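Thank you for sharing this model, which I have gone through with a first-year reader in mind. My remarks follow as numbered points, and each is best read with the structure open beside it.

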Amino acid sequence: MTAVAERSLGQAPEPHLPRLPRIFALVSGSTIVATLFAAANATAFLLVRPGVNDLWAARARASAVSHGVGLTYWFAWFGGGSTPGNYSVLTPYLSALLSAELVGALSAVAITVVTALAVRGTAHPAAATGVATLAAGINLWSGRVPFLLGAAFAIGAVIAIRHQRTVIAVATTVVSILASPVSPAFLALGLVAVFITMPKYRVITATTVATVVVGFGLVALTFGAPGPQPFSLWLCVESLGALALFLLARTPHFVRSLIWLSMLTAVLLFLVPNGMGSNFGRMVWFCIPVLIVATSRWNAWVASVMIAPVLLSGANLTISDLRQAGDPTSDTAYYEPLAAELDRISGLNNFRVEVVSQKAQAAYDALLDHGMLARGWETQEDTALNRTVLSPTLDSTAYKIWLDNNAVGYVALPRAQAEDFPEYKLVAGGISYLHEMWRSDGWTLYRVANPTPIIAAPQSVLSYSQSKLVIRSSCSCTFTVRIRFSKYLRGDPVVRTPGLTATLVSDGSGYTSMTTTGPGDYTLHGSVARLFH
C-alpha cells in the first residue's frame, strides 16, 4: 500500500470530539472561499428558480406531501403507478417543509463543507474541494434535489469511515439511502474498491456496503423497484473513455480499482436493463473527478486539467436543461389557460388528461390539482408503464388502445413549438377519434371519442384529489377501477356502516378490481397498514 493511499483515506481516529477552537482550525482559507462561492451560487439559484425538469419533479413530490399523499399511493401521476417512496423517502417531506429549491441549495453548500473535511490529508485538498463545489453547483442548476441531499450524507459517511466511526458511518449511510437511491449506490461502489485494496478499512467498509445493500433491499421490498432507466451506447462509450483517461492520473491503488470497477459497471448497465441507467453518468462526471484531483501524484493543476473535459461534459447536460427551462412550456403561466379550461369540464373526475409533450414537464406540477394526469416526469415509470406511447412506430390504433387503458378522456397539445417525437406528430397531424373542443394561443384541447372511464356506470367517481378517490357504488358487486393496483391501496366506506366493506385486488392486468358489500360511497386511498395484511 502506498503512502499516498494511506494519506488519502485515513488517519488514526480522534480519541475525543475536537473542541470548538480546533473545529475552526480545520477550516482553511480555501474552504472558506469555496463555501462562499457555493453560497453565492445557491443564492442565485434560489433567486432564479429555473424551470428545469428535475426541479419540477421535486416540486410535484413536495406538493404530493402537502396534499396528504405520503409514501404509498399517488393518484395524480401514471394512474397511481408512481409510488412516492421509491423516488425518495425523505426528500419530499423536507421539500414540503422548506421548498425543493431550498433543500437543493442547502445540500449543495453542505457538499462543499463536508468534502473539505473528507479530503483533509490528501495530496490536493483545496483543488478537490473546488471540484466538488463546481460539481454540486452543476447538479443544483439541473434541479437534482434528492441526489444532492443524498450525496451530502454519503460524503459524511466517508468522513466517518476515515476515522473508523462505524455507528456514524452506518447512520449517515441510512439517511443517504432515504434521501436518494443514487448517491448511496455510488458510495457502495467506491467502498468496494477500498475493501479490495485496503485491509485496514475492511470491517467498516463491509459494514457500510452491507448497510447500502440491506437498505436498498428494504426500500425495494416496501415501495417497489422503479422501471428501467435508459443507458445509451453513446453514454456507455463516453463513460468508458472518461474512465480510461482517469487511469493516467497517477492515483493510488484503491482509486485505480474504483476506475476499473466503474468500467465494468458501465458495461453491465448498458447490457442489463436497470433502474440506475444514465444516472451512472454522475459518478463519472462529478464524483470520481473529485477523488482523482484529491489523490493524483500529478500536481493539482495537471490533475484539474485532466478532469476538466469530463466535468464539462456533465455540465453540458445542465446547459441543455437550462436552455429548455427557457421554453414557454417551462413557465407555470403557460398552463393557466389550460387549467382554467379543465376546471370547466363537467365529469372530468372520471377521466385522465394526457399532455402531449416531452418538454412541457412543468405540466406535471402546474396541473396537479386540475385533473388526473396520465403520465408524469419520471423516466423509469414512464418506460415501464407507457412503452406503447413511447414507441417510434406508434400509430392511431395503438394510441387509442393506450388512451382507453389509461382512461384518458382529454388530450392537450401544447402549441408553443412543434416537437419531433411520435406522439406529438401523431396528434398534431390529426386523428379521427380526437375532436378539438378548445383552442388558445398556446394549447389545443381534444376530447377522445367514446372514452373509457376510470369507472363505468352505474358506479361513479364523486371526487378526486392527489391522495384519494371517492367512488359511489350502486350495488353489492365487483367492478374494475382503472387505477394501478398497489399493495398499499385501500378502500373504506366514507361513513362507517356495519357490514359495509370494500376489497381491492389486482384485476390481472395491473389495474384494480373492487368488490363492495353494498351500495354506498367509498374512499380509495393509500395505507401503510395494507403492507402487513
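**Notes on cavities, helices and loops**

1. The largest cavity in this predicted model holds about 740 Å³ of space. It is one of two cavities of 30 Å³ or more in the structure. Helix H1 (3–9), H6, H7, H8, helix H10 (183–197), helix H13 (253–271) and H14 each give two or more residues to the lining of the largest cavity. The lining is made of 35 residues, and Ile-155, Val-158, Cys-287, Val-290 and Leu-291 are those that lie nearest the centre of the cavity. By character, the lining residues of this largest cavity divide into 27 nonpolar, seven polar and one charged.

2. The second largest cavity has a volume of about 30 Å³, and its lining consists of Arg-61, Ala-64, Val-65, Gly-70, Leu-71, Pro-84 and Pro-92. Helix H4 (residues 53–66) supplies the largest share of that lining, namely three residues. Sorted by character, the lining of the second largest cavity comprises five nonpolar residues, one polar and one charged.

3. Helix H7 (residues 125–141) allows a simple check of its length. At 1.5 Å a residue, its 17 residues should span 24 Å, and because the C-alpha atoms at its ends are 25 Å apart, the two values agree. Just after H7, Gly-143 takes a positive phi of about 75°.

4. How many of the 17 residues of H7 are buried? The count is 12, so that the helix is mostly covered; among them are Ala-128, Val-131, Ala-135, Ile-138 and Trp-141. The cover over these buried residues includes helix H3 (29–48), helix H6 (100–118), helix H8 (145–162), helix H14 (281–295) and helix H15 (300–325).

5. Ala-315 belongs to helix H15, and because its relative accessibility is 13%, below the 20% limit, this residue counts as buried. Leaving aside neighbours within four places in sequence, Ala-315 is in contact with Ile-138 and Phe-286, and Ile-138 is itself one of the buried residues of H7. The C-alpha atoms of Ala-315 and Val-114, which are 201 residues apart along the chain, are separated by 22 Å.

6. Is Thr-516, which lies in strand E11 (residues 511–516), buried or exposed? With a relative accessibility of 1%, Thr-516 counts as buried. Its side chain reaches the backbone oxygen of Cys-475 at 2.9 Å. Not counting residues up to four places away in sequence, Thr-516 touches Ser-473, Cys-475, Ser-476, Cys-477, Phe-479, Thr-501, Ala-502 and Tyr-522.

7. Two arginines deserve a look at their backbone angles. Arg-49, in the loop between H3 and H4, has a positive phi of about 50° although it is not a glycine, and at 39% relative accessibility Arg-49 counts as partly exposed. Arg-250, placed in the loop between helix H12 (233–246) and H13, has a positive phi of about 55° and is likewise not a glycine; with a relative accessible area of 36%, Arg-250 is partly exposed.

8. A last backbone detail concerns a proline. Ala-457 and Pro-458 are joined by a cis peptide bond, with omega at about 10°, and Pro-458 is found in the loop between strand E5 (443–448) and strand E6 (460–464).

Conventions:
Residues numbered from 1 in each chain as written. Predicted model: local features only at pLDDT ≥ 70, side-chain atom pairs only at ≥ 80, totals over all residues. Heavy atoms only, no water. Buried < 20%, exposed > 50% of the residue type's maximum accessible area, 1.4 Å probe, protein only. Polar contact = N/O pair within 3.5 Å; in protein donor to acceptor, adjacent residues only side chain to side chain. Contact = heavy atoms within 4.5 Å. Helix = DSSP H or I, 4+ residues; strand = E, 2+ residues; numbered from the N terminus. Expected span 1.5 Å × (residues − 1). 1 Å grid on protein atoms, 1.4 Å probe; cavity = no way out; pocket = protein on both sides within 12 Å on 5 of 7 lines; lining within 4 Å. Points joined across faces, edges and corners; volume = space filled by probe spheres on them. Nonpolar A, V, L, I, M, F, W, Y, C, P; charged D, E, K, R; others polar.
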